[in-house]
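I opened the model to look up how its chain is built and what a few chosen residues touch. The entries follow in the order in which I made them.

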Amino acid sequence: ADIEIDFNGFKMSGSLINNGTLTLQSAAEGGITAPSDHAITNNGTLTIESGLYDALAHGKAACVNYGTFTMNGGTLTRSQAKGTYSPNAANGNSYYAFINRGTAEFVSGTVKMNDGYSSLIQNYGTSAVEAVMTIAGGNFVGGCNTIKNDDYGVMTISGGKFENFVQACVLNWNELTLKGGEYILAEEGQATFLTGYTEIGR
């Protein structure tokens, strides 16, 4: 059966693993704060409508998706991130805020962290199963690279706002199609787009 969880402004300390069909929402900044693990691991179908989902520990993400993920609102973050670009170091707390190993769609919402060592979002597949990500909207702020389309990643960006302060708004290593979006790179940044692969469409 489909399940909906409304945190109603309250914060749950812990982590959530979804193996079914789940929708998450909350007023204000209610949601999940994960002190020692990924805040959310999705193996099924997950939709985030609202709420705040925060991974506090080193090497842990706000959400790791192996299934089907849709973000229509809310915030994914790593509020305790300490990674720096120069000097290039994790400083005891760094990692991606969102990792996609399945199919992910961003319609609205925010993904953010103050980390110059790890990328904000990683889209990473395998030779057997490509990771597919579509970004139509949302705000994406921070990371060494704000978006990292990694090996076996297939990504389409048609909208959204991307802000980077140290390296690149988008780093591409596989198939990327750009149809839109707003890209803001700080003066200290290296390039709005960095690519090691030639398959970039418009």
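Entry 1, one strand pair. I began with strand 20 and strand 23, which run parallel and are joined by 4 bridges. In this pair I found Asn164 opposite Leu185 in strand 23. I note here that the model is a predicted one.

Entry 2, Glu163. I stayed in strand 20, which covers residues 161-164 and holds Glu163. Is Glu163 buried, partly exposed or exposed? Its relative accessible area is 21%, and buried would require under 20%, so I put Glu163 down as partly exposed. I then listed its contacts, skipping neighbours within four places in sequence, and got Phe140, Val141, Gly142, Thr146 and Ile184. I also checked Thr192, which lies 29 residues from Glu163 along the chain. The C-alpha atoms of Glu163 and Thr192 are 9.3 Å apart.

Entry 3, the sheet around that pair. In what order do the strands of this sheet run? I read 2-5-8-11-14-17-20-23, an open sheet of 8 strands with parallel pairing. Its edge strands are strand 2 (11-13) and strand 23 (182-185), and each of these pairs on one side only. From one strand to the next the twist averages 10 degrees.

I followed two further pairs in this sheet. Strand 11 (residues 75-77) pairs with strand 14 (residues 110-113) in the parallel sense, over 3 bridges. There, Thr77 has Lys112 of strand 14 opposite. Strand 14 also pairs with strand 17 (residues 139-142), again in the parallel sense, over 4 bridges. In that pair I found Met113 opposite Gly142 in strand 17. Gly142 had already come up among the contacts of Glu163.

Entry 4, a second sheet. I found another open sheet of 8 strands with parallel pairing, in the order 3-6-9-12-15-18-21-24. Which strands are at its edges? They are strand 3 (16-18) and strand 24 (191-195), each pairing on one side only. The twist here averages 10 degrees from one strand to the next. At the strand 3 edge I counted 3 bridges to strand 6 (residues 40-42), and the two strands run parallel. Leu16 stands opposite Ile40 of strand 6.

Entry 5, Ile40 and the core. Which residues touch the most other members of the largest nonpolar core? They are Ile40, Phe69, Leu76 and Phe106, in a core of 35 residues. I listed the contacts of Ile40, leaving out neighbours within four places in sequence: Leu16, Leu24, Ile32, Leu46, Ile48, Tyr53, Ala62, Cys63 and Val64. Leu16, its partner across the strands, is thus also on the contact list. As background, nonpolar side chains tend to be buried together in soluble globular proteins.

Entry 6, the whole chain. How many helices and strands does the chain have? I recorded 0 helices and 25 strands. The radius of gyration is 16 Å and the globule rule gives 17 Å for 202 residues, so the chain is as compact as a globular protein of that length. The C-alpha trace spans about 45 × 35 × 30 Å along its principal axes. Of the 202 residues, 51% count as buried. The accessible surface comes to about 8900 Å², and carbon and sulfur atoms account for 46% of this. Among contacts between residues at least 6 apart in sequence, 46% join residues at least 24 apart.

Key: Residues numbered from 1 in each chain as written. Predicted model: local features only at pLDDT ≥ 70, side-chain atom pairs only at ≥ 80, totals over all residues. Heavy atoms only, no water. Core = buried A, V, L, I, M, F, W, Y, C linked by side-chain atoms within 4.5 Å. Buried < 20%, exposed > 50% of the residue type's maximum accessible area, 1.4 Å probe, protein only. Contact = heavy atoms within 4.5 Å. Pairing = 2+ DSSP bridges. Axes fitted to C-alpha atoms, helices over the stretch in contact; angles between N-to-C directions. Rg over C-alpha atoms; globule rule 2.2 N^0.38 Å. Areas by Shrake-Rupley, 256 points an atom, 1.4 Å probe, with all protein chains shown as cover.
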